[in-house]
Amino acid sequence: MVVRSPAAPLSPWSSDLVEPQVDPTAYIHSFAKLTGDVRVGADVLIAPGTSIRADQGTPFYIGDQVTIQDGVVIHALEQGRVQGDDQAQYAVWIGHRTALTHMVLVHGPAYIGDNCFIGFRSTIFNAKVGRGCIIMMHALIQDVDIPPGKYVPSGAVITNQQQANRLPDVNESDRQFAQHIIQVNQALRADYQSMAHKSNLHSAQDHRFSSDNKPMNSTTLDAAIVSQVRSLLAQGYRIGAEHADARRFQTSSWQSCPAPQGQQESQVLAGLEACLTEHAGEYVRLIGIDPQAKQRILETIIQRPDGPVRMLSMPSAQQAIKNYTTHHTTSSDNSSIGPEVAAQVRSLLAQGYRIGSEHADARRFQTSSWQSCPAIATQQEAQVMAALDACKAAHAGEYVRLIGIDANAKRRVLELIIQRPGDAPVAAPAKTGVSGRQRQRPSSSEARDPQGQGSGISSEVVAQVRSLLAQGYRIGSEYADARRFQTSSWQSCPPVASQQESQVITALEACMAAHAGCYVRLIGIDPKGKRRVSETIIQRPDDQQSSISSAAVDNGTRNSQRQSQSVARPALDSQTVTQVRSLLAQGYQIGTEHADARRFQTSSWQSCSPIPSQQEAQVIAALEACMVEHAGEYVRLIGIDKAAKRRVLESIIQRPNGNQRPSQGSSTPSRSAQQQPSAKSRSSSGQGLNPKSSASLDSQTLAQVRSLLAQGYQIGTEHADARRFQTSSWQSCSPIRSQQETQVIAALESCLADHQKEYVRLIGIDTQAKRRVLESVIQKPGTAGTAGTRR
């Protein structure tokens, strides 16, 4: 049942509103609202979210080739007029070739001359802006007359005429910038109109069903509407209809038509026809309803006061519904979104950010003129993935990028390209034991022989290549024999001209095969900045399939250790390499410390040689050197904030048994080393937990803990049995005072062990803002000990 409130009463001036007068060449988006006597000139672009209301002060005049961008509001007081260029009286006059950018407010009486530019969120009230003026962002113009050709800087408040007279003149560069904005928006208008024109041509034929092509039903509804209804019913959705007269349509006060008597196609079509007939001369819209999710998935106007509406965008609407259904009835593993993008989406949603997407063809990509895909209103991961898939499918052959949005700060936190024109459509992968990354790329990561010989590329390198390409970087490779490697005299492999992932991987494999027995490294290149952004060794003479990010190191030390020791050189795992890369990217310094078993129990760590460099390759080399020098001891990685003079990370990367990390991905000390200092909190009997019964954190939870600590947040835990979980009555575990990663993880495992048959959740706390930044369930009653379930 649709819940609605009564429409607002008509105002005295809205009882006899005049319809807007719009030139046929103007483009007005369907989400823009024009009310009253608004006169729109030729070649005007009015973007979505615009509100132009001539319901008090009237009339409004909008000149030729005017651009009105998203969110602009134009209104006027009932009293007060300005004289237009045609000597008539207007409440608001906007001259030719003027651009009103995002969120501008123009409140009449107001006059804006020809060739003006009004920047973001600027306000013009009871003022006149002369011809050729440029007003930058967040300016206020009130009760003044701005002379022609003046420049108003960002944030200026001009409320008296003396201020207006002292304004500087517009520079030529500013004028060219304003003209460029107008030209770009005119190109957008032309494209929109071209698309609409093609759709009109496509639907110009009268697709009416007759007894010849549809013997089951005889209906006067448009073929596209019938197809839409059939598609919705086939997917199990319910159908409804609403109507509104012109006055209610302006206030979005729709009224429901009688519900169809059944879900049979003939009954639904008969109900729609009855609604259209009963409310001829009114607006009627078709509603698609998901009864399980209790939400609307489609709202489409099928009749206007001047007659039925042809469904121009039906194919794309059907495709969107198809994708919506697919992702609500199948698992997220069937998404064409790669695992890296899925992890990125999951991370953004966990931080409370909203997700959006944009697309651009090759020409628009060059000018960064991205267009928005349908808005994603949900925060459910499955529905977000479905919407991203729908955007990619609807714009196959174009660039598509993922947007992360901080709704509170009203800013973007991420822009990531997830599809390029050359990318082949990715079919839904079968559920096998092979990872998604390997399924998509059998030619690279699966092309190795059973013994591992040849030039196969590891999954970490494949992920790094994909990440570099997604950011628009170019890929290169270099090689060096043992002698040249010691002097850092690298030689270039043939250049990789392509940006296609498969071709790049093939080129890397060819370089590795051509220089077997040599060092080979992967190069990430920023073509705009003309600099290297990454150097990663992907092949070594003694281990051709390693993926260790390192470069020139103290090879004399390494070689002498190889001769004096029979053990193999330690190689950092991908998780540690990623952690180092993240710390360096944030400007932190890297350090290392070591401790034998006795010193480890008393936390008496000793420093390894300092690492003065910020180059990733040299840092990795220094870490490896420390691990080799202190084989058989604990070694930990230190992240240091030099500005705040504090540590942001402490992570154990080597243990006496030779493992770099525990098998579960934890960076905590061994259980035996932690029993004594935490005996009270772990067991009421005063003894440490049995290792066989202790809970272990999964790698995703560990990464989350590291991320929170790195950002300076406090960690906490809460638990609840099944009854308290239903009422959200969580109880706190013992508080975690420390910011040391090992102690935090030990406390988390202790809480998990103490409440093995209950729900346990991880809390991230911003102590300065006194708010929670994360709540994540890490244990459920049926999965105690795995700590892998997240709400």
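This section describes the overall make-up of the chain, three helix pairs, one buried arginine and several backbone features in a predicted model.

The chain comprises 791 residues, of which 46% count as buried. Its secondary structure consists of 22 helices and 42 strands. Among contacts in the chain with a separation of 6 or more, 50% are accounted for by residues 24 or more positions apart.

Helix packing was examined for three pairs. Two packed helices are described by the angle between their axes and the distance between the axes. Helix H3 spans residues 223-234 and thus holds 12 residues. The distance from its first C-alpha to its last is 16 Å, close to the 16 Å expected at 1.5 Å a residue. H3 is mostly covered, with nine of its 12 residues buried. The buried positions in H3 are Ala223, Ala224, Ile225, Val226, Gln228, Val229, Ser231, Leu232 and Leu233. Just after H3, Gly236 adopts a positive phi of about 85°.

The partner of H3 in the first pair is helix H5 (residues 265-278), and the two axes come within 11 Å and cross at roughly 135°. Because angles over 145 degrees would count as roughly antiparallel and those from 65 to 115 as roughly perpendicular, this crossing makes H3 oblique to H5. The crossing in which H3 passes H5 is right-handed. On the H3 side the contact is formed by Val226, Val229, Arg230 and Leu233, and on the H5 side by Glu265, Val268, Leu269 and Leu272. Classified by residue type, the contact of H3 with H5 contains six nonpolar, no polar and two charged residues. Of the H3 residues in this contact, Val226, Val229 and Leu233 are among those listed as buried.

The second pair is formed by helix H7 (residues 339-350) and helix H9 (residues 381-394), whose axes come within 11 Å and cross at roughly 130°. H7 and H9 are therefore oblique to each other. H7 passes H9 with right-handed geometry. Ala342, Val345, Arg346 and Leu349 of H7 make the contact with Glu381, Val384, Met385 and Leu388 of H9. The residues in the contact of H7 with H9 comprise six nonpolar, no polar and two charged.

In the third pair, the axes of helix H15 (residues 574-585) and helix H17 (residues 616-629) come within 11 Å, with a crossing angle of roughly 130°. This places H15 oblique to H17, and the crossing of H15 past H17 is right-handed. Here Val577, Val580, Arg581 and Leu584 of H15 meet Glu616, Val619, Ile620 and Leu623 of H17. The composition of the contact of H15 with H17 is six nonpolar, no polar and two charged residues.

A further helical position of note is Arg364, which lies in helix H8 (residues 362-366). Arg364 has a relative accessible area of 5% and is therefore buried. Apart from neighbours within four places in sequence, Arg364 is in contact with Ala187, Leu188, Asp191, Ser369 and Gln371. The C-alpha atoms of Arg364 and Tyr399 are separated by 9.4 Å, with the two residues 35 positions apart along the chain.

Attention now turns to the backbone. Most residues other than glycine have a negative phi, and most peptide bonds are trans. Thr58 and Pro59 are joined by a cis peptide bond with omega of about 5°. Pro59 occupies the loop between strand E6 (51-54) and strand E7 (60-62). A cis peptide bond also runs from Gly108 to Pro109, with omega near 10°. Pro109 is placed in strand E14 (residues 105-112).

Positive phi values occur at two residues that are not glycine. Gln87 has a phi of about 70° and is located in the loop between strand E10 (82-83) and strand E11 (89-90). With 54% relative accessibility, Gln87 counts as exposed. His138 has a phi of about 55° and belongs to the loop between strand E17 (134-135) and strand E18 (140-142). The relative accessible area of His138 is 51%, so His138 is exposed.

Notes: Residues are numbered from 1 along each chain as its sequence is written. This is a predicted model: local features need pLDDT of at least 70, side-chain atom pairs count only at pLDDT 80 or more; totals for chains, interfaces and linings use all residues. Side-chain values use heavy atoms; hydrogens and water are left out. Axes are lines fitted to C-alpha atoms, for helices over the stretch in contact, and angles run from 0 to 180 degrees between N-to-C directions. Helices (H or I, at least four residues) and strands (E, at least two) are DSSP runs, numbered from the N terminus. Angles under 35 degrees count as roughly parallel, over 145 as roughly antiparallel, 65 to 115 as roughly perpendicular and the rest as oblique. A crossing is left-handed if the near helix is turned anticlockwise from the far one by less than a right angle, and right-handed if clockwise. Contact means heavy atoms within 4.5 Å. Ala, Val, Leu, Ile, Met, Phe, Trp, Tyr, Cys and Pro count as nonpolar, Asp, Glu, Lys and Arg as charged, and the others, Gly among them, as polar. The expected span of a helix is 1.5 Å times one less than its number of residues. Buried means under 20% relative accessible area, exposed over 50%, partly exposed in between (1.4 Å probe, protein chains only).
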